[in-house]
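Student: Could you take me through one part of this model in close detail? I would like to start with the cysteines and then see what surrounds them.

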2 protein chains.
Amino acid sequence: MSIIVGYVPTKEGRAALRRAAQEAQLRRTKLVVVNSHRGGRDFDSTEAERFENELSQVQSTLDAEGIEHEVRALVRGNEPSEDLIAVAEESDADFIVIGLRRRTPVGKLILGSNAQRILLDAACPVLAVKADEGD
Amino acid sequence: MSIIVGYVPTKEGRAALRRAAQEAQLRRTKLVVVNSHRGGRDFDSTEAERFENELSQVQSTLDAEGIEHEVRALVRGNEPSEDLIAVAEESDADFIVIGLRRRTPVGKLILGSNAQRILLDAACPVLAVKADEGD
């Protein structure tokens, strides 16, 4: 069993990662951090480098916390939802953790298409986490 | 801390309850089962009775499993999402568990409005669970 988290370097992504790490510790299961990027023309070398730096920071934090983990940076032209669901199936995931934007008081925010797809199409449960006010 | 589950007598509702009970056991926290019904003209005495029977069955199962729990049947004219979020706030919930329908191979199912509202508006994380094939 393992816990899969979709990581992006936003406050929602960091909130999801933090919660996923707590759940992995509680259950003593492995944490799989998936950072999925469609790639393509917009994915230049500066962005690729920033992306690698962030992931290596994530790795150091998890190392320091003693959480068994694996970081998978996927750039294979898929939607993040497809990559997350595929990794969850391969890994016999206990659940997937995703970050959601908090609705603003005036905002008629609807769920993003990636979040909807993960919620509807993943065979395993999905834990949706919001960022704290202070994040 | 506590875990809140939105219970309805469908296979998705039962899957959510089962998972919530496991999570409560794992964390040794209290489980709050919320069955929210708008009430009104369509809520006749036969339905009210069926509703009570189901909840007392839920209670017996949780008793037998030794899970500390509280069952709250709310009929106060609210949407289920409003009731669930209100109970989660009162109870300082660790997270809310909800059941989701599985997408059919041909179905372009979108998330129901209650599920969307809970996911977007709850301050705490939300664990979305699907029913197993065999349920």
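Tutor: A:Cys124 is buried, its relative accessible area being 10%. Here buried means under 20% relative accessible area and exposed means over 50%, with partly exposed in between (1.4 Å probe, protein chains only). B:Cys124 is buried too, at 12%. Please keep in mind that this is a predicted model, in which local features need pLDDT of at least 70 and side-chain atom pairs count only at pLDDT 80 or more, while totals for chains, interfaces and linings use all residues; side-chain values use heavy atoms, leaving out hydrogens and water. Residues are numbered from 1 along each chain as its sequence is written, with chains lettered from A and ligands numbered from 1 in the order in which they are written.

Now for the sulfurs. A disulfide is a pair of cysteine sulfur atoms within 2.5 Å, and the count over all chains is 0. For A:Cys124, the nearest cysteine sulfur belongs to B:Cys124, 19 Å away. Seen from the other side, B:Cys124 is likewise in no disulfide, with the sulfur of A:Cys124 as its nearest, at 19 Å.

How far can you trust the picture? Chain A has a mean pLDDT (the predictor's confidence in each residue, from 0 to 100) of 87, and 90% of its residues reach 70 or more. For the complex, the predictor gives an ipTM of 0.88 and a pTM of 0.90. Where pLDDT is low, the predicted coordinates should not be read in detail.

The two chains are related by a turn of 180° with a shift of 0.0 Å along the axis, which lays chain A on chain B with an RMSD of 0.0 Å. Copies are superposed by least squares on the C-alpha atoms of residues with pLDDT of at least 70 in both. This is the relation of a two-fold axis. In chain A, the C-alpha nearest that axis belongs to A:Leu127, 2.1 Å from it. Both copies use the same surface, since 100% of the contact residues of chain A recur in chain B; contact means heavy atoms within 4.5 Å.

That leads to strand β5 (residues 126-130). Helices (H or I, at least four residues) and strands (E, at least two) are DSSP runs, numbered from the N terminus. Two strands pair if DSSP finds at least two bridges between them. β5 of chain A and β5(B) run antiparallel, joined by 3 bridges, and A:Leu127 has B:Leu127 as its bridge partner. On its other pairing, β5(B) runs parallel to β4 (residues 93-100) of chain B, with 5 bridges; there B:Ile98 stands opposite B:Ala128. In β5(B), 5 of 5 residues are buried. Its two faces are both covered, with B:Val126, B:Ala128 and B:Lys130 on one side and B:Leu127 and B:Val129 on the other.

Finally, the cores. A nonpolar core is a set of buried Ala, Val, Leu, Ile, Met, Phe, Trp, Tyr and Cys residues joined through side-chain atoms within 4.5 Å. The largest has 44 residues, of which A:Leu31, A:Val33, A:Val97, B:Leu31, B:Val33 and B:Val97 touch the most other members. Apart from it lies another core, of 42 residues, and B:Cys124 is among them, as are A:Leu119, B:Ala93 and B:Val126.
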